[in-house]
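Trainee: I have a model open and do not know how to read its features. Could we go through some of them in turn?

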Amino acid sequence: MQKTRCREISEADIDAVADLLTRGFVGRSRQYWMQGLRRQAACKVPSGYPQFGYMLDHDGIAVGVLLLLYTSRIIDSVATIHCNLSSWYVDPAFRSYAPMLTSIAQRHKDVTYLNISPAHWTWPIIEAQGFRSYCSGLFFSAPLLSRVEAGMTIETISANARTIEGVPISEAELLTRHARYGCLSLVCRTAAGDAFPFILMPMRIRRGWIAPPAMQLIYCRDIASYVQCAGAIGRTLIRHGKISVLLDSNGPVPGLAGFYSSARGRKYFKGPHQPRLADLTDTELVLYGP
């Protein structure tokens with residue numbers, strides 16, 4: 001008798017999972033999935049949580065998958081566990097087993113679950129599952145139009161940097177790790193000696209978008225630090241052919257030139273700790289790409 005069960009994805013399943021996701025997501029190559037899965041395999045996951053997520057196994061064949069990216073975060077001085085619910089696909093013949101994947105994936109009450117790339121048509125479904133929006137859209141900033149404070153400089157952080165002056169070890173590791181993922185890691189230094197870390201990544205212009213070459217703000221300590229350093233960042237980005245920075249937002253951002261749109265960029269969470277804006281580190285957006 002054939003049996004379908006839900007189990008953790010192991011490293012031995014990577015090839016089969018990549019094949020399944022390639023079938024399920026038109027426009028995403030197998031190489032895209034393999035690169036992301038290899039990156040996920042190398043990530044440090046909090047003890048007791050799965051490295052990759054869960055799959056539906058039908059007599060040894062992968063017929064469904066839900067990728068989960070677990071990370072440890074500090075929010076208001078409290079250690080928390082976040083889980084980015086990433087790519088989900090089930091072969092049509094096995095769709096009746098799909099709830100098994102989602103129920104197992106979201107069973108930890110102390111974990112904060114994130115959905116950072118929901119399709120517009122899924123919003124009511126996600127909300128019915130108990131998720132709440134913490135980010136309603138994107139602000140398209142034009143940092144070149146911001147002034148540069150006297151004495152402010154920008155340092156580009158390489159993937160091989162061991163220490164970064166004025167930046168705590170934890171943030172230095174964050175900057176170098178994301179540089180290895182292909183992000184642009186920067187430190188903005190003020191004349192007063194303050195050091196502000198930033199991580200940005202190039203955005204792919206999707207069908208239907210009319211937008212200049214842009215970067216997505218992946219990390220900063222808070223939006224106020226980006227507003228303060230925007231002018232210097234803009235002058236650095238122009239050398240990379242980028243003139244716009246997109247940042248998660250719930251409306252227009254005071255002090256920045258640009259415009260807000262709620263058409264894209266909505267993000268949801270469910271759990272005990274609301275995520276903060278301007279922290280998309282170690283999520284699917286970074287590990288797998290836009």
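Trainee: Is Ala 278 buried or exposed?

Mentor: Keep in mind that this is a predicted model. A residue counts as buried under 20% relative accessible area. Ala 278 has a relative accessible area of 4%, so it is buried.

Trainee: Where does Ala 278 lie?

Mentor: Ala 278 is in the loop between β14 and α7 (284-287). Its phi is positive, about 70°, although the residue is not a glycine. Asp 282 belongs to the loop between β14 and α7 as well. Asp 282 is not a glycine either, and it has a positive phi of about 60°. With a relative accessible area of 11%, Asp 282 is buried.

Trainee: In which strand does Tyr 268 lie, and with which residues is it in contact?

Mentor: Tyr 268 lies in strand β14. Setting aside neighbours within four places in sequence, its contacts include Tyr 113, Leu 114, Trp 123, Phe 131 and Ser 133. Its relative accessible area is 0%, so Tyr 268 is buried. Sequence distance and distance in space are separate things to read. Tyr 268 and Ile 116 are 152 residues apart in sequence, yet their C-alpha atoms are 6.3 Å apart in space.

Trainee: How does strand β14 pair with β6?

Mentor: Look at the direction of the two strands and at the bridges between them. β6 and β14 (residues 267-270) run antiparallel and are joined by three bridges. Within that pair, Ser 133 stands opposite Tyr 268.

Trainee: What is the order of the strands in the sheet that holds β14 and β6?

Mentor: To read a sheet, follow its strands from one edge to the other. This one is open, with seven strands in the order β1-β2-β3-β4-β5-β14-β6, and its pairing is mixed. β1 (4-8) and β6 (132-135) are the edges; each has a single partner strand, so one side of each has no neighbour in the sheet. From one strand to the next, the twist averages 30°.

Trainee: How do β3 and β4 pair, and how many residues are between them?

Mentor: β3 (residues 61-75) and β4 are antiparallel, with 11 bridges. They make a hairpin with two residues between the strands. One residue of the turn, Asp 76, has a positive phi of about 55°. Ile 75 has Val 78 of β4 as its bridge partner.

Trainee: In which sense do β4 and β5 pair?

Mentor: β4 and β5 (residues 111-115) pair in the parallel sense, over four bridges. One of the residue pairs to look for is Asn 84 with Leu 114 in β5.

Trainee: Why is strand β4 described as largely enclosed by the rest of the structure?

Mentor: For a whole strand, count its buried residues. In β4 (residues 78-90), 10 of the 13 residues are buried, so the strand is largely enclosed by the rest of the structure.

Trainee: Which strands do helices α1 and α3 lie across or touch?

Mentor: For a helix on a sheet, read the strands and then the angle. Helix α1 (residues 14-24) lies across β3 and β4, at about 100° to β3. Helix α3 (residues 98-105) packs on the sheet, where it touches β1, β2 (53-58), β3, β4 and β5. The direction of α3 makes about 20° with that of β3.

Trainee: What is the order of the strands in the sheet that holds β8 and β13?

Mentor: That sheet is open and has seven strands, ordered β8-β9-β10-β11-β12-β7-β13, with mixed pairing. β8 (153-157) and β13 (258-261) are the edge strands, each pairing on one side only. Here the twist averages 30° from one strand to the next.

Trainee: How many bridges join β9 to β10, and which helices pack there?

Mentor: Six bridges join β9 (residues 184-189) to β10 (residues 195-202), and these strands run antiparallel. Val 187 is opposite Pro 197 in β10. Helix α5 (residues 169-180) lies across β8, β9, β10 and β11 (214-219), at about 20° to β10. Helix α6 (residues 223-237) packs on the sheet too, with β7 (137-141) and β12 (244-249) among the strands it touches. The direction of α6 makes about 60° with that of β10.

Trainee: Which residues form a nonpolar patch on the surface?

Mentor: Leu 144, Ile 238 and Ile 243 form that patch, and together they have about 210 Å² of accessible area. Ile 238 is in the loop between α6 and β12. Its relative accessibility is 39%, so Ile 238 counts as partly exposed.

Notes:
Residues numbered from 1 in each chain as written. Predicted model: local features only at pLDDT ≥ 70, side-chain atom pairs only at ≥ 80, totals over all residues. Heavy atoms only, no water. Pairing = 2+ DSSP bridges. Axes fitted to C-alpha atoms, helices over the stretch in contact; angles between N-to-C directions. Contact = heavy atoms within 4.5 Å. Patch = residues over 30% accessible without salt bridge, like charges linked within 9 Å, V, L, I, M, F, W, Y side chains within 5 Å. Areas by Shrake-Rupley, 256 points an atom, 1.4 Å probe, with all protein chains shown as cover. Salt bridge = Lys/Arg side-chain N within 4 Å of Asp/Glu carboxyl O. Buried < 20%, exposed > 50% of the residue type's maximum accessible area, 1.4 Å probe, protein only.
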